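Biologist: Hey, got a minute? I'd like to go through a structure with you, bit by bit.
Modeller: Sure, pull it up and ask away.

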Amino acid sequence: MAYEDVHHQWDRGYREMLEEAILAGDCGPTQAEIVDYPKSDISVRPIARFSARDRIIYDALVFGIAGDVDRQIHRSVHSYRWHHSEGVPIFWFGPWKRMRRLALKTLRADSNLRMASVDVSAFYEHIDVDILADDLACMTGSAEITLSLQGFLKRFQNVNHAWGLPQGPDSSGILANLYLSPIDGFLDRNKLRFLRYSDDMMIFHRDWTVLRDVVVEVNSLLRSRRLAISSHKTRIRDPEGAIRHVHDVRRASLQHSVDIGLPEANHSVRKYFDEITKSSVIDGGSVRFTINRLAKLRDDYAVGWCLDNLVFLLHSVKEVFSYLGAAKSRSLEIQRHLVRFMESSESSSYPFIEQRILRYFLSLHIKSERMKEAAWKILEDRNREDFSREFASRYIGKYASVVDAQLLRHRFEEEPAITMRRALLCAMYESGNLSSRYISEVEASFPQLEWVCAFLRSDPLVPAP
């Protein structure tokens with residue numbers, strides 16, 4: 001349902017409710033779910049899932065000062081910049097590509113340039129909220145804004161197994177840019193050429209010793225901000241190695257052949273796919289690049305491999321399911337395999353795969369009794385992640401029998417979490433078992449659900465994932 005209920009109620013009191021909360025200083029998150037989002041097949045990063053109310057308040061607090069923050073950020077920084085005329089963040093992909101192009105242009109302009117690649121270890125998690133608050137107070141001159149943001153971040157840390165900035169929202173990226181601005185100032189004052197995207201820095205100089213000294217000083221500055229360099233990602237590269245790092249010639253060639261539709265594009269992409277999948281370690285970036293190209297070519301060559309290796313592709317699960325959704329010629333095979341996975345004992349260890357499978361079946365309007373039974377198993381297990389349980393309830397509601405609809409109401413009345421109640425209410429609506437009388441009872445009993453109740457009373461068409 002995303003923010004459809006919020007959008008529907010925005011001018012009917014929802015916005016006013018948020019403004020009153022901010023003015024009253026009630027800015028901290030009322031709840032937050034910390035999700036272990038896959039970085040690789042075994043490592044994760046903690047992503048914060050806020051309620052709609054808390055996410056909008058957090059974004060509003062940050063976006064209100066984002067233009068001022070952006071004016072403090074060096075031109076060589078490309079992450080989380082602010083579009084001043086439109087008043088929105090600039091989407092990440094364009095600035096990332098531009099930074100890589102500028103790095104390549106810089107290196108090609110001087111064949112003797114070396115490059116130091118610097119990365120910060122667990123950057124967002126180790127940002128010190130008090131130091132950030134001092135930075136904000138210095139920049140804005142407003143104690144009110146600083147205290148509101150500091151209060152939100154402090155409460156976020158106090159009620160969760162998380163610290164630093166919430167990962168996930170773009171608004172956190174804007175604050176993170178400000179936190180690293182002393183590094184930019186040091187590099188600029190010493191007239192060093194550099195590029196930065198969040199905590200990913202590229203510093204250029206001909207002399208290896210100069211770069212080594214710069215990296216040592218950057219590390220010292222980071223320590224003063226309670227941060228540390230990631231030793232296994234930080235290194236100084238010679239000119240040829242630097243170019244290879246920022247520009248993969250083979251990928252660029254494959255990209256070009258696909259874009260212009262060369263006849264040999266399919267064969268070339270398949271050959272590259274075979275090479276990367278035979279490696280002992282699966283490189284997520286290469287997998288994502290290749291299956292995106294195969295999807296663009298409408299080539300189902302990688303479908304079988306993707307299905308057989310789902311649990312090793314957690315870092316690429318979004319791209320994998322986009323690819324599977326595009327492989328229409330093998331949809332029955334894909335459906336059978338995904339149902340078997342959901343029925344297996346291992347599915348509970350992979351909530352992101354469960355969620356993507358449910359999204360796949362929902363978005364393609366696939367009704368399956370076996371999938372519905374698997375969704376019930378997820379919904380009834382409160383040890384499962386809420387985000388997979390929410391999608392499970394949605395699938396059940398979409399294809400509910402009369403008995404399913406009655407059981408959804410029972411689940412709603414037993415569920416302690418408001419976010420899950422919201423999802424179950426939506427599922428009950430789609431099942432046809434949500435009367436006006438019952439909506440009124442829910443409104444009276446759960447004030448936090450009054451907005452979604454008003455939305456569902458309008459008889460909406462709830463959007464598909």
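Biologist: Which residues of α16 are buried?
Modeller: In α16 the buried ones are I334, Q335, H337, L338, V339, F341 and M342. Keep in mind that this is a predicted model.

Biologist: What do the buried residues of α16 pack against?
Modeller: Four helices: α14 (303-308), α15 (317-326), α17 (351-363) and α18 (369-379).

Biologist: And what should the span of α16 be, at 1.5 Å a residue?
Modeller: Helix α16 covers residues 331-343, so its 13 residues should span 18 Å. The C-alpha atoms at its ends are 18 Å apart, which agrees.

Biologist: OK, cores next. Which residues touch the most other members of the largest nonpolar core?
Modeller: That core has 70 residues, and F321, L338, I357, L358, F361 and L425 touch the most other members. Helix α21 (residues 418-431) gives the largest share, eight residues. There's another core apart from it, with 57 residues, including A48, I65, L149 and L175.

Biologist: Why would nonpolar side chains be buried together?
Modeller: It's a general tendency: in soluble globular proteins, nonpolar side chains tend to be buried together.

Biologist: Back to L358. What does L358 touch?
Modeller: Leaving out residues up to four places away in sequence, L358 touches M342, M371, A375, I378, S388, F391, A392 and Y395. M342 is one of the buried residues of α16.

Biologist: New topic: the sheet. What order do the four strands have?
Modeller: The order is β6-β7-β5-β8, in an open sheet with antiparallel pairing. At the edges are β6 (193-197) and β8 (235-237), each pairing on one side only. On average, neighbouring strands are turned by 20° against each other, if you ignore direction.

Biologist: How many bridges are there between β5 and β8?
Modeller: Three, and strand β5 is residues 114-118. For one of the partners, look at A116, which is bridged to I236 in β8.

Biologist: Which strands does helix α10 touch?
Modeller: Helix α10 (residues 239-246) packs on the sheet and touches β5, β7 and β8, with its direction at about 50° to that of β5. Helix α4 (residues 93-109) lies across β5, β6 and β7 (200-205), and runs at about 160° to β6.

Biologist: Last one: is S79 buried or exposed?
Modeller: Buried, because its relative accessible area is 0% and the cut-off for buried is under 20%. S79 sits in the loop between α3 (52-72) and β3 (82-83).

Biologist: So what is S79 in contact with?
Modeller: Setting aside neighbours within four places in sequence, S79 is in contact with N177, R196, Y197 and S198.

How values were computed: Residues are numbered from 1 along each chain as its sequence is written. This is a predicted model: local features need pLDDT of at least 70, side-chain atom pairs count only at pLDDT 80 or more; totals for chains, interfaces and linings use all residues. Side-chain values use heavy atoms; hydrogens and water are left out. Helices (H or I, at least four residues) and strands (E, at least two) are DSSP runs, numbered from the N terminus. The expected span of a helix is 1.5 Å times one less than its number of residues. Buried means under 20% relative accessible area, exposed over 50%, partly exposed in between (1.4 Å probe, protein chains only). Contact means heavy atoms within 4.5 Å. Two strands pair if DSSP finds at least two bridges between them. Axes are lines fitted to C-alpha atoms, for helices over the stretch in contact, and angles run from 0 to 180 degrees between N-to-C directions. A nonpolar core is a set of buried Ala, Val, Leu, Ile, Met, Phe, Trp, Tyr and Cys residues joined through side-chain atoms within 4.5 Å.
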